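Please look through the structure below before reading on. The paragraphs after it go from one pair of residues to the chain as a whole and then to a few individual places.

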Amino acid sequence: MAKRQGKKEIAVREEEEKHTEQMKMELEDEISKLPPDNPSKCEGLIRRLYQKIDDLKKQDVKSDLLNQLRSVSCYGLDKELKDMMEKNGLEFEGLELVVHYLTNKTELAKYFHVNPQEVVDKNGLSVIKRRLGPSLEVLGGLSSKGIDVEQDWVKGLVKRAPSLQALSRISAKDLDELKANPGEKNEVNRLLKAEFKDTDSSEAEKAGTEKKAIDEEKLEKAKELMKEASEKAKEESEEAKKAVNEKMAEIGKLLQLPADWNKQETGKGPKELLGQLNDIIEQFDLALEVSESYKSDLEIVQKASGGRALCGIYHSEYDPPKTAEGPLILVPTEVTLGSPNNSQQINYLKFSESMAASRYTQAVKSSSTNIGFSVGGFLELFVGEAHGSYASSSESQTASTVKTKTSSVSVLQYVWIATKTFKIEQEQMRLSMSARKMARSIMDATEDKRAEAARRFMNRYGSHFPAGLHSLGGVLFRIVDAESSAEIETSVFTEKAAEQLQGQISVGFLGAAFGIGASIRGGYRKASGEVHAEEKKAEAASYRFSFQAMGPAATNPTTFTKLLANNSTWALIDRGSSQAYIPVWELLTDLGDPAFAAAAGVLEKTWTNDELKKSKKIARAEHKIYDLIRGDLGVMTDGYINKKPDPKGYGHRPKNAAQLTLDFPTINLSRADAYTKAVDIIMEDPRYRICEIAWCVGDLYTLCCWQATEKAAMTYKQLSGEHVLIYSKMIFRWKDGVPTVD
């Protein structure tokens, strides 16, 4: 029985093999008879043969037949696609194209455009896409939008620019002249923009490992400990206090807070610390809702601060920088983030008017430029700056017009943290299509309207593009505004406001996290009685505190820093030195189009003329100030010239300033000549010069002049005889300390 069964199975196998061999011979015969010059007929035959081969059970026969079918698979492709395949070494790779009904160039181009890479890989077409994909990008993009690709303008465009990269090199003028309707032109523009939006997948995967700003599991544990600590804090025993401190310490470790955050030297008890700690936990809780990290360096640059890195900036030597609202350039094809050399700055700025610090902060936030750039727009209010811990304030050397007394001031402390830096190289700067279109419109205007058209362009897209080192990260601003019913010495009032701000920071929760110092006072001080009176007024003033931030939405330093671990919270906080700004007219000229070159000339001329007008306006203002100072000195000298010298009188002479060497005789001068020369010397630098005119005998006088410094307060020695000190009562740096003679 078993033998008969075995013989039967052998017979069946032999019959199957015979059938398979017969099928192989028949299929080989059909493959050999495929028409090489009739692709429309051949593609159907190939698909039918493929199905028959696929039904075979014997794997080696199936594999052999598929290889034979692959060798003639290009017979099923139309001539243009067949030639492309053969030219790119893909002569034997056309079977998958025929099987998936992708037998002409347009069908294949559209397929590559609309299908993601994983679908292409699944269908075995990844090698073909790598070889042919770039040369089919424009054709695929247009055909996928239903555009008739048999139109002459499409054929001409695809021939000239088959890839998106090639399309980006076609001038805007040539694109505008395409014989396409407006809707079709819009699709061409969308394709052009698409080139700069593709990101490298491997870079995305690498960036996808970005660490989380907050560990959710640890945060939940911290919440539980917080509840337990809050319950314990209701008890008054020493044991309960100890338990509260232990739980707060454990919470600090879980949230990676500074080791000494719960020290009682801050002046706050456990209950107050628990309340502030709860605020920190709530901010961390909100941080979990922050959007996912960006997946690539390019995405970070494209999205930080709403894509401001792609915008130009209106640059002027006389105004604060202003970021344009519309993107000037397209997204670059490549950008690499690096580590900053200077990752943290802590500075104080003082202003002689309430709310000026807030307005200054808004100017910085709106322009994303370096903190110092915007001071020019607040020059009349800017009092001084101190770096790091707030110690002796150094007054701005240019702040010659700051009022000596004021009824309101504001002080700003900013903490600037850079996480990454990047540069956009000039060869990566490709003007956006909207910017190109508006630039072309400049020359469409009548000649008398072109300057105005150029200004509209610069208002929308900027006059320059920052090509220096950009910084990403965050800036935390802490502000105090002070107001008084009485006029107070500006220097005293700003110092008192800074003390109030520092007090809020140093005793506030985690205020010392950024290393805030304690020293406030510095510089020249008046006599103690005068200072005390001014300070009394300052103490009676009202103080208002506020916080602002660029980057993470947090006002607590620790939360702010931890949120910076998530790159989606980063802001563009610096756009590099103005020395690296590239004029927009240079970028237009680089396009190599005569029409853009003409528009570039108008833009450059308009910007230059506007800067000249501003400089003349400032020069007129400076001339008025010059006349005021000289007139003030004239009033002082007139009072002495007509006055007889007092042989029994006394006067003063500077002790600690550098005496100037004058290039004319300074002894045996007439009274009028000595005072005239003194005024001339002082007017060369009225902020820092003071002169002494000493009576010798008869109508002869001696002239000596000194140069004061910014930081060293002037001191004086008393002398017998007539010694008159001449200085500007308006702007001399140490005018309040000049002794008077009764």
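## A guided reading of the model

Lys303 and Glu299 are four residues apart in helix α18 (residues 297–303), so about one helical turn separates them. The two residues form a salt bridge, in which the closest N and O atoms are 2.7 Å apart. Their surroundings can be described by accessibility: Lys303 is partly exposed at 40% relative accessibility, whereas Glu299, at 17%, counts as buried. Elsewhere, Asp319, Glu611 and Lys614 are joined into one network by salt bridges that share partners.

The model shown here is predicted. Its chain has 742 residues, and buried residues make up 46% of them. The secondary structure comes to 27 helices and 17 strands. Among the contacts with a separation of 6 or more, 76% are accounted for by residues 24 or more positions apart. The chain has an accessible surface of about 37500 Å², and carbon and sulfur atoms hold 49% of that surface.

How many salt bridges does the structure hold? The number is 20. One of them is a pairing of the side chains of Asp64 and Lys24, at 3.4 Å from N to O. This pair links distant parts of the chain, since Asp64 is in helix α3 (residues 59–71) and Lys24 is in helix α1, 40 residues apart. Asp64 is partly exposed, with a relative accessible area of 30%, while Lys24 counts as buried at 18% relative accessibility. Another salt bridge brings together the side chains of Asp29 and Lys33, at 3.1 Å from N to O. In that pair Asp29 is partly exposed, with a relative accessible area of 36%, and Lys33 counts as exposed at 62% relative accessibility.

Charged residues also gather on the surface. Glu14, Glu15, Glu16 and Glu17 form a patch of negative charge there, and Glu14 lies in helix α1 (residues 2–32). A patch of positive charge on the surface is made by Lys616, Lys617, Arg620 and Lys624. Of these residues, Lys624 is found in helix α26 (residues 594–641). Its relative accessible area is 58%, and because the cut-off for exposed is over 50%, Lys624 counts as exposed.

Two buried positions complete the tour. Is Ala161 buried or exposed? Ala161 has a relative accessible area of 0% and is therefore buried. This residue lies in the loop between α10 (152–160) and α11 (164–167). Leaving aside neighbours within four places in sequence, Ala161 is in contact with Val138, Ala166, Leu167 and Ile170. Ser135 is 26 residues from Ala161 along the chain, and the C-alpha atoms of Ala161 and Ser135 are separated by 8.3 Å.

The second position, Ser471, is in strand β8 (residues 470–489). Ser471 counts as buried because its relative accessibility is 6%, and the cut-off for buried is under 20%. Which residues does Ser471 contact, leaving aside its neighbours within four places in sequence? Trp416, Ala418, Lys420 and Thr421 are among them, and Ala571, Leu572, Ile573 and Asp574 are also in contact with Ser471.

Note on methods. Residues are numbered from 1 along each chain as its sequence is written. This is a predicted model: local features need pLDDT of at least 70, side-chain atom pairs count only at pLDDT 80 or more; totals for chains, interfaces and linings use all residues. Side-chain values use heavy atoms; hydrogens and water are left out. Buried means under 20% relative accessible area, exposed over 50%, partly exposed in between (1.4 Å probe, protein chains only). Contact means heavy atoms within 4.5 Å. Patches are made of residues with over 30% relative accessible area and no salt bridge: like charges are joined within 9 Å, nonpolar side chains (Val, Leu, Ile, Met, Phe, Trp, Tyr) within 5 Å. Accessible areas come from the Shrake-Rupley method with a 1.4 Å probe; for residues, only the protein chains shown count as cover. A salt bridge is a side-chain nitrogen of Lys or Arg within 4 Å of a carboxyl oxygen of Asp or Glu. Lys and Arg count as positive and Asp and Glu as negative; His and the chain ends are not counted. The place of a charge is taken as NZ of Lys, CZ of Arg, CG of Asp or CD of Glu.
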